[in-house]
Amino acid sequence: MKKVITYGTFDILHIGHINILKRAKALGDKLIVGLSSDEFNSKKHKSSLLNYDNRKVVLESIRYVDMVIPETNWEQKILDIQKYNIDIFVMGDDWQGKFDFLKDYCQVIYLSRTDGISTTQIKEEL
Ligand code: C2G
């Protein structure tokens, strides 16, 4: 049973999110998503249009997602990897290198982002 984890805000879901979730799931058997809380979003200097509960329900409905846990701080990843026996940590390559410290605990894979789409762009077009 190979377990994969990834983290993010996943506001206003779009194909970029689906692509990374689909590819992350394909790397193992179970995918856990650490979903940024509304409070943590403000620490990331990001605001989401949809609140945590809404974003959580949406993520849980995706076939590639097996479990959603809250992401409330930058320090929880090592604990999450140990707590959930994670084999692979996945992030989009806009984070390339930023999480290499996790290589002591699990495999770290950065996947290419989907070009031409972002929540920021959608918000601006709205
Ligand atoms: N993503 C992507 N292609 C896009 C947009 C997003 O592959 N066009 C990926 C990002 O690289 C990330 C995931 O989708 O891996 C979620 O993106 P965000 O919700 O923007 O997450 P972010 O704000 O990067 O938060 O601790 C890590 C942070 O919580 C990551």
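Here a biologist asks a modeller how the terms used for this predicted model are justified.

Modeller: A quick note on the ground rules: residues are numbered from 1 along each chain as its sequence is written, and side-chain values use heavy atoms, leaving out hydrogens and water. As the model is predicted, local features need pLDDT of at least 70 and side-chain atom pairs count only at pLDDT 80 or more, while totals for chains, interfaces and linings use all residues.

Biologist: What makes Lys30 and Asp66 a salt bridge?

Modeller: The term asks for a side-chain nitrogen of Lys or Arg within 4 Å of a carboxyl oxygen of Asp or Glu. The N to O distance for Lys30 and Asp66 is 3.8 Å, so the pair qualifies. Lys30 belongs to strand β2 (residues 30–36), and Asp66 to the loop between α3 (52–60) and β3 (67–71), 36 residues apart. Helices (H or I, at least four residues) and strands (E, at least two) are DSSP runs. The whole structure has 7 salt bridges.

Biologist: Why is the approach of Lys46 to the ligand called a polar contact?

Modeller: A polar contact needs a pair of N or O atoms within 3.5 Å. A polar side-chain atom of Lys46 is 2.5 Å from a ligand oxygen, so the cut-off is met. Thr9 passes too, with a backbone N or O atom 3.0 Å from an oxygen of the ligand. At Thr114, a polar backbone atom is 2.8 Å from a ligand nitrogen.

Biologist: How do you know how much of the ligand the protein covers?

Modeller: Accessible areas come from the Shrake-Rupley method with a 1.4 Å probe. On its own the ligand has 640 Å² of accessible area, and the protein covers 95% of that.

Biologist: What puts a residue in the shell around the ligand, and which come nearest?

Modeller: One of its heavy atoms must lie within 4 Å of the ligand. There are 21 such residues, and Lys46, Glu71, Lys77, Asp94 and Ile117 come nearest. Helix α1 gives the largest share, 3 residues.

Biologist: What makes the phi of Ile12 worth a remark?

Modeller: Phi is near 45°, a positive value in a residue other than glycine. Ile12 is in the loop between β1 and α1. His45, in the loop between α2 (38–43) and α3, also has a positive phi, near 55°.

Terms used:
A polar contact is a pair of N or O atoms within 3.5 Å; within protein, one must be able to donate a hydrogen and the other to accept it, and residues adjacent in sequence count only if both atoms are side-chain atoms.
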